[in-house]
Amino acid sequence: MDAIILQFLNGLDKGGAYALIALGLTLVFGTLGVVNFAHGALFMLGAFCAVIVNKILNFQLITIDPEKKTAWGTPVEIKTSYAEAWLGDFGAFLVDYSVPVSILIAVPVMLLIGIIMERGLIRHFYNRPHADQILVTFGLAIVIQELIKAYFGANPIPQTAPAEFAGSANISAMLGLGDSIVYPWWRIIYFLFSAAIIAAVFAFLQFTTYGMVVRAGMRDRETVGLLGINIERRFTVIFGLAAVVAGVAGVMYTPILPPDYHMGMDFLVLSFVVVVVGGMGSLGGAVSAGFLLGILQSFASMNEVKAIFPGIDQIIIYLVAVVILLTLPRGLMGRSGVMEE
Amino acid sequence: MTTTAKKQRPEWLTLVIFTAAILSMPIWASVIGAGYPDLLQKFAIYGIFAIGFNILFGLTGYLSFGHAAFLGIGSYAAVWSFKLFTMNVIPAVIFAILFAALFALVIGYISLRRSGIYFSILTLAFAQMSYNLAYSVLTPITNGETGLQLTQQDPRWIDNAFSNAVSDGLPITNFFGIKMSGYEGFYFCATLLIFCFWISMRVFNSPFGMMLKGIKSNQTRMSYTGFNTRPYTLAAFVISGMYAGLAGALLAVTDPLAGAERMQWTASGEVVLMTILGGVGTLIGPLLGAGLIKYFENIFSAINDNVLNAFFSFLPESLQGLFTSLFSLFVGKGWHLTLGVLFMLIVIFLPGGLMEGFRRIGNLFNKKPKGEQS
């Protein structure tokens, strides 16, 4: 029982990351009709926002104290980061909480990157075949990835969660079940965070006028345009929004997985499987397929399961994708007539 | 697709020109600094891979993102043939093609039930499954991360039945006694490349090829005319899978080592890039694309800062440093960046690939009379 709950929790945070990336992919596909292979690169860029913020906060001021000497007789060097030196306790707090703080930076940065990408490149591909869109965004993903590699190197750069959340939570004690289930705090936070973001995006689309217009545009772009609404501009904003969602998903994922230049591609392939399993163009499908596949993957990595089907943990996602696509042609919740030409 | 109104050149002439160009490659490739056998072998091998991929993608329009799986399967089958039977390359090639065809038949039969992006994802899923399994559970067959390689203890039943000579060092692959390394290896690959090109040309000009082109332009209409399109697409899938298997076998022939990373989706992506870069649906385009990418990989990645410094040494010192640091982004380890930029430019400005570029240049020089544009 404990093992099952633990695996369930394990699946939730990974599923959260899949769901957030797949949500952005589906948003872009549903509004602009573009298959964006560079979406994983946006996830990666978000993660590197966290790296940059952390680097800036950790610039150090080295002062030499002439009074104190080390055992070797040289003056002691006291290293304090500028943030701490200038802002005192608040600075220390900033350094500790660099990952969540990065979100504040990542949101405008990713919005800008998203809008530039859409206006500069993707816009010219609305009327080109899907294969062309896939290829040009694939090329863009390679370029972004290589630029990041050129500046940050090929090695993963570990980031730490705030000290408060670095440990593990005793979940079973909270539920009054004894001490058997212990789970890292940050992963729980990641799940809650992704759930909050998903809820926010859905609320934005469902309860605001802006979102209503966007949904109407997803259904019938021409009619909305005929009503005198500049739907193109709104879709651009939606592309920016998708970039932000991918970016913050990347920022918060850094303490779980040290970011490196190809993390985007690794997630992208899985996220595409997630989107297709959920059904192209269905937001609910993307989210539920994300969590479903995340949880299935973590159950498949249990030793008991592996003993029966060796190697199942490696292929479960793809296996599920194949089975679902063969039994449900449009994925879990796909609409008809999308991407079938 | 790109049939011009020009009078069709007879097939035998194309083949003769092609053969001459390929066989004289060691001579003219050395002009552009590519005249060493390792690289020439790669040109030929990846050329076969891309030509095969083009039979599926170029003719039927089905974009497979999992073709590298067949390349890997071909390699493994070839290396196992070296290990178990003989170092002769002919059985290895035959085994590789058979195994790749078998897998292509199964995977194609399942994947071709869907089209569009669903087909791409299905092929991707199968390729990733093969890759992950080759890495983990199938280690007894694939030797996992280390890669499958020859050892001195291999049984090699057929070879050992004929000779008892104890050799020191690892045996080398051979074609009835001719060692498959250096230029001999290249000419072996080149012969197969010419053969593959001939088959691909026959497919393009055959009724079967016309059928595939019909499926690409309008599958629904093809079905309405009474054709069951599935067997045709499946045949195209299996043929291109066999090409990939052959390419994998040749990789093993020139260097008897098979690793799982050959099956990863990035490898599948590479062959898509090659085909697009050269020109989808053209006969010679994919080969050009393959050559170009392999050329860049070898030449550009070999350039380092010293070479750049020497190249820009005619500039004043400050500019020299600037140019060197700017260009070093694009060469050496960063050659993928060049590839990405080049690829984006091609897709944006020249959707038909290099072949369309050549055609446009050609059109500038000989303007066709009006009304003949097809």
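**Figure 1. Charge distribution in chain B and chain A of the predicted model.** In chain B, the mean positions of the 22 positive and 15 negative charges are 18 Å apart. Lys and Arg count as positive and Asp and Glu as negative, while His and the chain ends are not counted. Each charge is placed at NZ of Lys, CZ of Arg, CG of Asp or CD of Glu. In chain A, with 18 positive and 22 negative side chains, the centres of the two sets lie 9 Å apart. This is a predicted model, in which local features need pLDDT of at least 70, side-chain atom pairs count only at pLDDT 80 or more, and totals for chains, interfaces and linings use all residues. Residues are numbered from 1 along each chain as its sequence is written, chains are lettered from A and ligands numbered from 1 in the order in which they are written, and side-chain values use heavy atoms, with hydrogens and water left out.

**Figure 2. Overall fold of chain B.** Chain B contains 18 helices and four strands; helices (H or I, at least four residues) and strands (E, at least two) are DSSP runs, numbered from the N terminus. The radius of gyration of chain B is 22 Å, close to the 21 Å from the globule rule for 374 residues, so chain B is as compact as a globular protein of that length. The radius is taken over C-alpha atoms, and the globule rule is 2.2 Å times the number of residues to the power 0.38. Along the principal axes, the C-alpha atoms of chain B fill a box of roughly 75 × 70 × 40 Å. Of its 374 residues, 50% count as buried; buried means under 20% relative accessible area, exposed over 50%, and partly exposed in between (1.4 Å probe, protein chains only). Among the contacts in chain B with a separation of 6 or more, 76% are between residues 24 or more positions apart, a contact being heavy atoms within 4.5 Å. Chain B exposes about 17400 Å², and carbon and sulfur atoms supply 67% of it. Accessible areas come from the Shrake-Rupley method with a 1.4 Å probe, and for residues only the protein chains shown count as cover.

**Figure 3. Overall fold of chain A.** Chain A has 15 helices and four strands. Its radius of gyration is 23 Å, close to the 20 Å that the globule rule gives for 341 residues, so chain A is as compact as a globular protein of that length. The C-alpha atoms of chain A fill a box of roughly 75 × 50 × 35 Å along the principal axes. Of the 341 residues of chain A, 52% count as buried.

**Figure 4. Surroundings of L122(B) in helix 6 of chain B.** L122(B) sits in helix 6, residues 116-135, and is buried at a relative accessible area of 0%. Apart from neighbours within four places in sequence, L122(B) contacts V322(A), L325(A) and L326(A) of chain A, and S111(B) and R114(B) of chain B.

**Figure 5. Surroundings of N54(B) in helix 3 of chain B.** Helix 3 spans residues 37-60, and N54(B) within it is buried, with a relative accessible area of 1%. Leaving aside residues within four places in sequence, its contacts include F204(B), T275(B) and P286(B).

**Figure 6. Two buried helix residues of chain A, A286(A) and V51(A).** A286(A) belongs to helix 13 (residues 283-300) and has 0% relative accessibility. Not counting residues up to four places away in sequence, A286(A) touches A22(A), L23(A), T26(A), V274(A) and G278(A). V51(A) lies in helix 2 (residues 39-57) and is buried at 1% relative accessible area. With the same sequence neighbours left out, V51(A) touches F152(A), I157(A), Q159(A) and P259(A).

**Figure 7. Backbone at R156(B).** R156(B) is in the loop between strand 1 (148-149) and helix 8 (157-162) of chain B. Most residues other than glycine have a negative phi. R156(B), not a glycine, has a positive phi of about 45°. R156(B) is buried, with a relative accessible area of 7%.

**Figure 8. Cysteines without disulfides.** Over all chains the count of disulfides is zero, a disulfide being a pair of cysteine sulfur atoms within 2.5 Å. C196(B) is in no disulfide, and the nearest cysteine sulfur, that of C189(B), is 10 Å away. C196(B) is buried at 4% relative accessibility. In chain A, C49(A) counts as buried at 9% relative accessibility.
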